[in-house]
Amino acid sequence: MGGLSASDAFWAHLRTLCLDEFPCGAGSWNKSRFPQQKAKPRCRSGLQRASAVLHEELIPPTEETAETLTEFLKSLRSPWALPPDCSPEDQQLRELAVQDPQVIQDSFIFSYFKSLRIVNKGVTEIDADLLRFPNLEELILSANHICKINSANLPPTLKVLELCGNEVDSLKDLCASPPPELQHLGLGHNCHLGSSQEDFLTDAFWPNLVSLDLSYNNFTDLLCLLSKLWTLKKLRVLVLQGNPLALMPGYRGFTLDSLPKLCALDDGNITPDERHWFLGLSGNPELLQQEVEMVVTVGKIQGVPNPVISEELESSLESSVVTYNYYVTYEFAKGEEIDDGDNTKIPVSQNPTSTTLNAQIPPAGPDEAGSNEVAPLGVPDKLELPSETANVHSTLRKPWAETIECEYRKEHITKDLVALKSYLLAGTTVAIVEEKIVSWPVIVSPVETPSKKGKGKVEKGKPEKGGKDKGKEEKGKGEKGKPKDGGKGSGKKKKKSPSPELRSDPPILKILGSGHVNLESLLAGESLVATVCDFGVLITELRPQLSAVKEKDGKKGKNKDKKNKSGPESAATQKTTPPAKGNGRKQDSPRMTEVQITQPVPLTVEFQIQHLKWKSASEILIKPKVST
């Protein structure tokens, strides 16, 4: 079985120290390898001191003093300086190789090291050669690929064992003959460790354990784990953050009350007030809820381009009716409890552009002509959250405004803690979507409505219609004496027609901006993530305004040409030209300054997600009484 053992990684690291190369080792450059007899300072006369100084000056240029060689090791700019990841023990060993290189032997090296730090070296095995270190107290093997831990190969003198960031899936081999004096055990970020290994976390295997790190694993049963950890009488520091069980609303309260001797939980000290708040909670295990509640709030949207400007330039009275709506989409973990009346979930078929981060914008219609083409902001592919692990939700549709108030708040309740942990690690994608709906007037065919045919014929016969109106006007004269008003009133009533029936095309969806929101802090114990997603400035916002200004300027130019071409009125127009020019400048200046001064606003949306937790035992113990 191929792989790198811990001892092989140690010897590879030892070779990087270059203990037998300049400026270390016993070479021609190190005169300390020559034994010198030290004279007594009291017997040395002035002549002897002068001869000693002369002897120092006569040293061959190929040799250096031990002090000079040590400076080569300590100077930060020296090419022989140690890399930053080396320990203080490595530096001391190199200095010793300069002062007394003959001591550097294998037996001395094994007894010299009390701490070994082998991090991210690709180690896959803890071999028996580690037993050659008789004084080893600390062994750090983080960020490697260790699957199984053979406790028979661990030195019995170990007090610290750090295996964070490995691939450990079982503690059975480690607990076969564990180090009896072990005080710290680090097993964080071993994703395969779960509730099936709780039986190995008792006082029978770790009688002297003071600190235990189980962070970012897959422990889900809080009550069972606390019952095992309660047997560790010397346990003072416990790290459980990042596990699915740490997402429960009563996780911290139950842990504090179940382990009264604990001093620190999840990298935070435990205060007496905090213990008092959750006093007596462990005596009511039936109150522990596995349901996790998270509240998502979406606030204001700003920086959305005004779509009406471009539509006014292209639409006419008889053209289609175009409406724009805007909403925000985000993803939440699957497995949540969804109410029957919940309409915030978007089916994949309705909004395909919002299910993935690399969604393509639907092709623009002929009336868009690429004027408002805004591509979604690029998001790395590794952050893409597939639809199998998340549901897409959206806010209510809102019409355009300079500041769109979403006023959205939704409570998500889920019992699937493992899926929720995966969701928080991956984060969510927030996107602003533009929904364009084109409606057309319904054209009724004459075959379907024969009654309207007659009306059409009567409309063609305009003289007859006029004759009838005249008769009505004469009657109005005889009765009211106001023929004109009566005629006009009747004409107005006939001109009124019901609003035409409209038929809407399928909505055209366009992602104006999308971005990733990191939610790992919620998994680490934070209760709130609030951010303003900034998608940048949509540059296409100024194009319709500039085109409108150009059209108005072109029309004004044509009118001026017509006035100059007119013959008899040219003198009069020339007289009135100066004030007209002055007025023209006043009219043009605000319009031009409006285009120049208007600064584009970046497209932003306010997004926050809150993890609801128990703040005290009283609010939980009172709830059942209130409900009854």
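## Helix and sheet packing in a predicted model

The helices α3 and α4 cross in a right-handed manner. The structure described here is a predicted model.

Two packed helices are described by the angle between their axes and the distance between the axes. For α3, which spans residues 66-74, and α4, which spans residues 88-99, the axes come within 9 Å and cross at roughly 155°. Since angles over 145 degrees count as roughly antiparallel, α3 and α4 are therefore roughly antiparallel to each other.

The residues that make this contact are set out below.

| Helix | Contact residues |
|---|---|
| α3 | Ala-66, Leu-69, Thr-70, Leu-73 and Lys-74 |
| α4 | Gln-91, Arg-94, Glu-95, Val-98 and Gln-99 |

By character, the residues of the contact between α3 and α4 comprise four nonpolar, three polar and three charged.

A second part of the model concerns a sheet. This open sheet is formed by five strands with antiparallel pairing, in the order β13-β15-β11-β20-β19. The edges are occupied by β13 (336-337) and β19 (528-534); each has a single partner strand, so one side of each is left without a neighbour in the sheet.

At one of these edges, β13 runs antiparallel to strand β15 (residues 403-414), and two bridges join them. Within this pair, Glu-336 is placed opposite Thr-414 of β15.

The sheet also carries a helix. Helix α10, made up of residues 417-426, lies across β11 (292-302), β15 and β20 (604-611). The direction of α10 is at about 30° to β11.

Notes
Residues are numbered from 1 along each chain as its sequence is written. This is a predicted model: local features need pLDDT of at least 70, side-chain atom pairs count only at pLDDT 80 or more; totals for chains, interfaces and linings use all residues. Side-chain values use heavy atoms; hydrogens and water are left out. Axes are lines fitted to C-alpha atoms, for helices over the stretch in contact, and angles run from 0 to 180 degrees between N-to-C directions. Helices (H or I, at least four residues) and strands (E, at least two) are DSSP runs, numbered from the N terminus. Angles under 35 degrees count as roughly parallel, over 145 as roughly antiparallel, 65 to 115 as roughly perpendicular and the rest as oblique. A crossing is left-handed if the near helix is turned anticlockwise from the far one by less than a right angle, and right-handed if clockwise. Contact means heavy atoms within 4.5 Å. Ala, Val, Leu, Ile, Met, Phe, Trp, Tyr, Cys and Pro count as nonpolar, Asp, Glu, Lys and Arg as charged, and the others, Gly among them, as polar. Two strands pair if DSSP finds at least two bridges between them.
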